[in-house]
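Welcome, and please open your viewer. Could you set the protein to a cartoon view and keep the selection panel at hand?

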Amino acid sequence: MINRNDMLELTRRMTLSRNCFMRAAGAYIDEDGFIDNTFNVNFKNMGKHDQQINLNLAKIIPFSKTNEQLKCYKFPAGDMAYDSIHKLLMALSQYGLKDDLLVQTLCEQLAEGICGTEDAPNKTSHLYGREFGIYIYHGIYDIPKKGSDQSEQWESEEVYSFLVCVAAPIDKDYNAGNPKCGFIFPAFEDRSSEPGKIDIFFENPDCPDEGFLKKILGK
């Protein structure tokens, strides 16, 4: 189970004055599920308006309904094959989205999962047949120690390096609509990093994008 307070703690570092994000990267996907364009920028090099737009988009994931829209999943034991999503996420988190090839590979695989349910009438993809964007944010959060009264101390307990991913429809000007799916990796559990787990978001938890989920978990 995800602790709601842990998620709210993260969102407090997703403001212009207390921004935890270092980079934003991703891709725009055409109606056929192929990459139309990519981007990879230093968050600080964005204008304030664009920073705010991206912060608002990213924080939707941790700010969503905990254990309903946003749920914690375990990766299969030993899932570190060279081409697994898990290994890609570990590398991207470690290198901070600075490897364009890894970013593109992740976007291709996620798009394949999102668009891979068109021939399965019993499955759902809220983005198939539409243009959409995959937005990935790399954040670094110095987790402060807490005293016995739960007040934050000056000392850092752990540095949490993490990714937030958002998949959302886009208009002709590449403006993002409401996110349909996404995730936080590694999972933020008990105010600490848990790389064996991932927190996955679906806008409609009663009708999740199974292809997206299957692509990430590999099952």
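Strands, as the word is used on this tour, are DSSP runs of E with at least two residues, and they are numbered from the N terminus. Keep in mind as we go that this is a predicted model.

**The whole chain**

Start by colouring the chain by secondary structure. The protein chain has five helices and nine strands. Follow the cartoon from the N terminus, and the elements come in the order α-β-β-α-β-α-α-β-β-β-β-β-β-α. The chain has 219 residues, of which 47% count as buried. If you like contact maps, look away from the diagonal: among contacts with a separation of 6 or more, 62% are between residues 24 or more positions apart. Switch on a surface next. About 11000 Å² of the protein chain is exposed, with 47% of that area supplied by carbon and sulfur atoms.

**A stop on the surface**

Leave the surface on and select Met22, Ile140 and Val159. Together these residues make a nonpolar surface patch of about 240 Å². To place Val159 in the cartoon, select residues 152-169: this is strand β5, and Val159 lies in it.

**Into the chain: Arg23**

Hide the surface and select residues 21-29, which form strand β1, the home of Arg23. Is Arg23 buried or exposed? Arg23 is buried, and it has no salt bridge. Its nearest side chain of opposite charge belongs to Asp100, 6.2 Å away. A salt bridge needs a side-chain nitrogen of Lys or Arg within 4 Å of a carboxyl oxygen of Asp or Glu, so the 6.2 Å to Asp100 does not qualify.

Now show what surrounds Arg23. Leaving aside residues up to four places away in sequence, Arg23 touches a set that includes Val41, Phe43, Gly96, Lys98, Ile136, Tyr137 and His138. Asn40 is also one of the residues touched, and a polar contact of 3.0 Å joins the side chains of Arg23 and Asn40.

**On to Asn40**

Select residues 35-42 to bring up strand β2, where Asn40 lies. Which side chain does Asn40 meet in a polar contact of 2.8 Å? The partner is Asp100. Asn40 thus has a polar contact with the side chain of Arg23 and another with the side chain of Asp100. Add Ala24, Ala25, Leu97 and Val103 to the view, which are among the residues Asn40 touches when those up to four places away in sequence are not counted.

For a last step, draw a C-alpha to C-alpha distance from Asn40 to Tyr137. These two residues are 97 residues apart in sequence and 9.7 Å apart in space.

Notes
Residues are numbered from 1 along each chain as its sequence is written. This is a predicted model: local features need pLDDT of at least 70, side-chain atom pairs count only at pLDDT 80 or more; totals for chains, interfaces and linings use all residues. Side-chain values use heavy atoms; hydrogens and water are left out. Patches are made of residues with over 30% relative accessible area and no salt bridge: like charges are joined within 9 Å, nonpolar side chains (Val, Leu, Ile, Met, Phe, Trp, Tyr) within 5 Å. Accessible areas come from the Shrake-Rupley method with a 1.4 Å probe; for residues, only the protein chains shown count as cover. Helices (H or I, at least four residues) and strands (E, at least two) are DSSP runs, numbered from the N terminus. Contact means heavy atoms within 4.5 Å. A polar contact is a pair of N or O atoms within 3.5 Å; within protein, one must be able to donate a hydrogen and the other to accept it, and residues adjacent in sequence count only if both atoms are side-chain atoms. Buried means under 20% relative accessible area, exposed over 50%, partly exposed in between (1.4 Å probe, protein chains only). Lys and Arg count as positive and Asp and Glu as negative; His and the chain ends are not counted.
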